[in-house]
Amino acid sequence: MNFNLLYLTIGIAMLNWLASAKKWKNLVYITKPGTILVLLAWLWQTGHFQGPMIWFALGLIFSLAGDIFLMLPQEKFMAGLVSFLLGHIAYIIGLTPRILEFNVASYLVMFMVGMTAFRLYRRITANLGSSGKQKTRGPIMIYFTAIGLMVTAALLTMTTSDWNTWASLSVSGGALFFLVSDSWLAWDRFVAPLKNRDLRIMVTYHLGQIGLVIGAVINFLP
């Protein structure tokens, strides 16, 4: 397996982190979508989007669309939200190629993720009414439900024999990083400004995407 494009993905991501920290907007405009594009190219190089891999490719494509919507001069927040929502749905399908077998551990995971997502949603939407953004409550609820399900699906790979242990750890870590990234983004937008916002969001976002894709490659490809 050729890892050159994966190494390039990591290199572009790190360049984006630097650009985000330094507020180099022109470089951010190149490296933010560039990271996902090269990661998508590596996924194609390794598996040609065969079988469940197509869903991870679609997850990246929808995420790329979301990245572009959110960094336009006139940001398209709802379009970006819908794009990432579709990306999470694609990842959920990819992570659960067949109906999972549930056990005590599975129910515990679902409960913990559900409670975490619910508490985040409650905190993030607490002040929407007073800020005149009440109409965004519904879309945010749908989005947090989707990412909660994606994180649950990733963590449940650790309870099934369908997934390689290292692959399961990779997708689980990636999903959790993705949740942290989206939570920080929502917190900064709807609750209070975060210090080093762009850097924190982009580092966790890229680690999330890379973790999900590496896990899929390990698990589904020989």
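Reader: Which residues line the largest cavity?
Author: The lining is made of Leu70, Phe77, Gly80, Leu81, Phe84, Ile140, Tyr143, Phe144, Asp182, Leu185, Ala186 and Phe190. Keep in mind that this is a predicted model.

Reader: OK, and which helices supply at least two residues each of that lining?
Author: Those are H4, H6 and H7.

Reader: How do the lining residues of the largest cavity divide into nonpolar, polar and charged?
Author: The split is 10 nonpolar, 1 polar and 1 charged. The charged one is Asp182 and the polar one is Gly80, because Asp counts as charged and Gly as polar.

Reader: What volume does the largest cavity have?
Author: About 160 Å³. A search of the whole structure turns up 1 cavity of 30 Å³ or more.

Reader: Let's move to pockets. How much space lies in the largest pocket?
Author: About 670 Å³. Its lining has 26 residues, and Lys32, Leu70, Met71, Arg197 and Asp198 are the ones nearest the centre. Leu70 also appears in the lining of the largest cavity.

Reader: Which helices supply the lining of the largest pocket?
Author: Helix H1 (4–22), helix H2 (25–47), H3, helix H7 (165–190) and helix H8 (197–220) each give at least two residues.

Reader: And how do the residues of that lining divide?
Author: You get 13 nonpolar, 3 polar and 10 charged residues around the largest pocket.

Reader: What about the second largest pocket, what's its volume?
Author: That pocket comes to about 190 Å³. Helix H5 (104–124) and helix H6 (137–156) each supply at least two residues of its lining.

Reader: Which residues are those, and how many are charged?
Author: Met110, Val113, Gly114, Ala117, Phe118 and Tyr121 are among them, along with Met141, Phe144, Thr145, Gly148, Leu149 and Thr152. No charged residue is in that lining, which divides into 8 nonpolar and 4 polar. Phe144 turns up here and in the lining of the largest cavity too.

Reader: Back to Arg197 and Asp198 for a sec. What do their side chains do?
Author: They meet in a salt bridge, with 2.8 Å from N to O. Arg197 also has a salt bridge with Asp188, where the closest N and O atoms are 3.2 Å apart. Asp198 has another partner as well, since its side chain meets that of Lys23 at 3.1 Å, N to O.

Reader: Where do Lys23 and Asp198 sit in the chain?
Author: Lys23 is in the loop between H1 and H2, while Asp198 is in helix H8. The two are 175 residues apart, so the pair links distant parts of the chain.

Reader: So how many salt bridges does the count come to?
Author: The count is 3. Lys23, Asp188, Arg197 and Asp198 are linked in a network of salt bridges.

Reader: Is Asp188 buried or exposed, and what about Lys23?
Author: Asp188 is buried, because its relative accessible area is 17% and the cut-off for buried is under 20%. Lys23 is exposed, at 55%. Arg197 is partly exposed at 32%, and Asp198 also counts as partly exposed, at 23%.

Reader: New topic: which residues form the nonpolar patch on the surface?
Author: Ile54, Trp55, Val82, Leu86, Ile89 and Ile93, with about 440 Å² of accessible area together. Helix H3 (53–71) and helix H4 (77–95) are the elements that give two or more residues to that patch.

Reader: Which of them gives the most?
Author: H4 does, with 4 residues. One of the patch residues, Leu86, lies in helix H4.

Reader: Why can Leu86 be part of the patch?
Author: Leu86 has a relative accessible area of 34%, and patches are made of residues with over 30%, so Leu86 passes that cut-off.

Reader: Last thing: what is phi of His48 and of Phe49?
Author: Phi is near 50° for His48 and near 55° for Phe49. Both values are positive, in residues other than glycine.

Reader: What do most residues have?
Author: Most residues other than glycine have a negative phi.

Reader: Where are these two, and how exposed are they?
Author: His48 is in the loop between H2 and H3, and Phe49 lies in that loop as well. His48 is partly exposed, with a relative accessible area of 43%. Phe49 is partly exposed too, with 22%.

Conventions: Residues numbered from 1 in each chain as written. Predicted model: local features only at pLDDT ≥ 70, side-chain atom pairs only at ≥ 80, totals over all residues. Heavy atoms only, no water. Patch = residues over 30% accessible without salt bridge, like charges linked within 9 Å, V, L, I, M, F, W, Y side chains within 5 Å. Areas by Shrake-Rupley, 256 points an atom, 1.4 Å probe, with all protein chains shown as cover. Salt bridge = Lys/Arg side-chain N within 4 Å of Asp/Glu carboxyl O. Buried < 20%, exposed > 50% of the residue type's maximum accessible area, 1.4 Å probe, protein only. 1 Å grid on protein atoms, 1.4 Å probe; cavity = no way out; pocket = protein on both sides within 12 Å on 5 of 7 lines; lining within 4 Å. Points joined across faces, edges and corners; volume = space filled by probe spheres on them.
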